[in-house]
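Look over the sequence and the model below. The report that follows covers confidence, fold, the contact between chains and the surface near DNA.

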There are 2 protein chains.
Amino acid sequence: MLVKVPEQGTLADLAAHRLAHSIVTGELAQGQKLNEAELAESFGMGRGPLREALRHLEGMRLVKRIPNAGARVVVLDRKTLSDLYAVREALEGMACRIAATQMSDDEIAQLSALLDKHEAQIKKQGGKVYAQSEGDLDFHFQIARGSRNQMLMDLLGSEQYQLLRMCRYRTSRNAQRTKPALSQHRQIVEALANRDGELAELLMRRHIQGAWRSISEMIDMEEQSK
Amino acid sequence: MLVKVPEQGTLADLAAHRLAHSIVTGELAQGQKLNEAELAESFGMGRGPLREALRHLEGMRLVKRIPNAGARVVVLDRKTLSDLYAVREALEGMACRIAATQMSDDEIAQLSALLDKHEAQIKKQGGKVYAQSEGDLDFHFQIARGSRNQMLMDLLGSEQYQLLRMCRYRTSRNAQRTKPALSQHRQIVEALANRDGELAELLMRRHIQGAWRSISEMIDMEEQSK
DNA sequence: TGACATCGAATTGTCGACAATCGGAGTCAT
DNA sequence: ATGACTCCGATTGTCGACAATTCGATGTCA
C-alpha cells in the first residue's frame, strides 16, 4: 500500500517508479550519472519515456539535471537533510495539529492498531528493523491524511517521503531508535485521541527533532570513519 | 529578477516557462485542455520537448495530467487555495523565525528598502496595483532566502509561488489590501531587525491569515455573482 | 425515445534516426 | 613540463512518423 503499483499507465510513469525505487534503495548510488540510452535499454523502452521519467524525478528532487550534461542522482549531504528535517518539523507539526480536530475516532483507532502491529514486529525482531522504518513512514503519512489538506499530503507523501526513504536506507542498518520512536508515536496518538492539537504538534515536532539528532550523529560517525 | 529568463537551456525548459506564464496570467483558463500538437506548433517545436515541459509543470502542480487523456490547467477551487494558504502559513512562519537569526543586517536593510519602493509605487498609484502584488511575492521570497534553507526556498519559490501568482492574477483587480499588507510587512521587518523570531513568525502567520480571509471573501463574492 | 454497440477521427504514447553539444585524449607551441 | 588548442567519441536534445488509446458521433435495436 505504501508503494504504488504502476502496472497501469504510461511507460514513463513505470520508469519513474522503477528509477525512484532504485535510487531510494541505494541501488543507484548518490551522485551517480544516469545515462539515458543505458537506462532505456535496461528498461526495454525508448529514450522518450525515460526522459519524461527523469523530468518527473527532477520535480521530486530525486535527481538533479544539468542541461546538456545529463542527470545525476541527488546527493543527500548534511545540509540538505538538515533542511529537509526542518521543513518536515513544520509541516508534520501542522498536520498533527489539524489532524487532532479532523480525524475520526475510527481513524485514530486504526492508527493505534498500526502501532500495535509495529510493536509486534519489533518484539519479533527478525533483524529487519527496516520494516519498522517503512511502517514509521506509514504512520506519519496517515497523520498527514488526517489533516485533510491535499497539498500537505502531496508534499509529505509524494516528495519528501521519497527523500526520507532514501535517507532511511542509508541509516536504518544501525538505527536503534525504534523503541523510543514507538513510545513517542503512542504519545502522539494519545494526544490525537484527546483532541489536543497543540500537544500533538509539540510531540510530533520533538519526535522529528529527535529523529534528526539521531540521523545527524550517524552522519557524523560516517564522516569521521573516513 | 523575479521571472527567470530562460533564453538559455533546452526547448523543454523554454516551453515550461512560457506555459507557466500563460497559465499564471490566465491566458490559459483554468481547467483548459492542453493540446500537445497545437501547443508544440504555436511554440515552433516538436512534441517531445513540449511533453517534457508538461511533465515539469505537472510536478509544479500547474497542470494535472491523466494518462491517455491529456493535460489540463489546474483549477484553483476554494479548497485548494485554502490548503495552499494553510501550508504557506506554516512554511513562511518558519522561514520568518529562522530568518530572524540568520539574515544579515544588510539584508534586513535591503528588505526595508524594498518596502520603501513599494510604498512609493502605491502612492504613485498608477492603477497598477498588480505591480505591488508581484513585489509582495518578492518580499516573501527574500525572507525565504533569509532562512538559508534551500528546500524551503524551493517550496516557496519555485512551486507555491507560481500557484500564488496565478491566484493573484484572478483577484488582484479589486484587491484593496495593499495598505494593510504594507503595514504588516513593516512590522515583520521590524521584528526581524530586533532579531525577534517568535514575533516575526507570529506576524507573518497573521499576515497570511489576513490575506487568506481577503481572498476567501473575494471567492465568495465571485461565486455569489454566478 | 432511450440505451447500447460500433466505428472513426483526433489525440496521446512510443520509437528510431538525426543534429547539437559537451568532455576528454592527444598534440603542439612556448 | 605546462598550458592551450583541436579533433573525436559519446551523450544529450530534437524531430518526424507510427502505434495505441480515447472520446464522440452515428446508427441500430428493444
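## Confidence and fold

Within chain A, mean pLDDT is lowest for α7(A), at 77, and highest for α4(A), at 95. pLDDT is the predictor's confidence in each residue, on a scale from 0 to 100. Helices (H or I, at least four residues) and strands (E, at least two) are DSSP runs numbered from the N terminus.

This is a predicted model: local features need pLDDT of at least 70, side-chain atom pairs count only at pLDDT 80 or more, and totals for chains, interfaces and linings use all residues. Residues are numbered from 1 along each chain as its sequence is written, while chains are lettered from A and ligands numbered from 1 in the order in which they are written.

Chain A as a whole has a mean pLDDT of 86. Of its residues, 87% reach 70 or more. Residues 1-6 of chain A stay under 50. For that stretch the model has six contacts beyond four places in sequence. Two residues are in contact if their C-beta atoms, placed from the backbone, lie within 7 Å.

Nine helices and three strands make up the elements of chain A. Their order along the sequence is α-β-α-α-β-β-α-α-α-α-α-α. Of the 226 residues in chain A, 38% are buried, that is, with 20 or more other C-beta atoms (placed from the backbone) within 10 Å of their own. Among contacts in chain A with a separation of 6 or more, 74% join residues 24 or more positions apart.

## Two surfaces

Chains A and B each bring 22 residues to their contact. On the side of chain A, α3 (47-59), α4 (78-102) and α7 (150-171) give two or more residues each. The largest share, seven residues, comes from α4(A).

A rotation of 180° with 0.0 Å of shift along its axis superposes chain A on chain B, with RMSD 0.0 Å. The two copies are thus related as by a two-fold rotation axis. The superposition is by least squares on C-alpha atoms of residues with pLDDT of at least 70 in both copies. The copies meet through the same surface, because 100% of the interface residues of chain A are also interface residues in chain B.

DNA strand C is surrounded by 18 residues, near meaning a C-beta atom, placed from the backbone, within 6 Å of the strand. The closest are T10(A), L11(A), G46(A), N68(A) and G70(B). The largest share of this surface, three residues, comes from α3(A).

The table gives both surfaces by residue class. Ala, Val, Leu, Ile, Met, Phe, Trp, Tyr, Cys and Pro count as nonpolar, Asp, Glu, Lys and Arg as charged, and the others, Gly among them, as polar.

| Surface | Nonpolar | Polar | Charged |
|---|---|---|---|
| Side of chain A that touches chain B | eleven residues | seven residues | four residues |
| Surface near DNA strand C | seven residues | eight residues | three residues |

Key:
A residue is buried if 20 or more other C-beta atoms lie within 10 Å of its own, exposed if 12 or fewer, and partly exposed in between; C-beta atoms are placed from the backbone.
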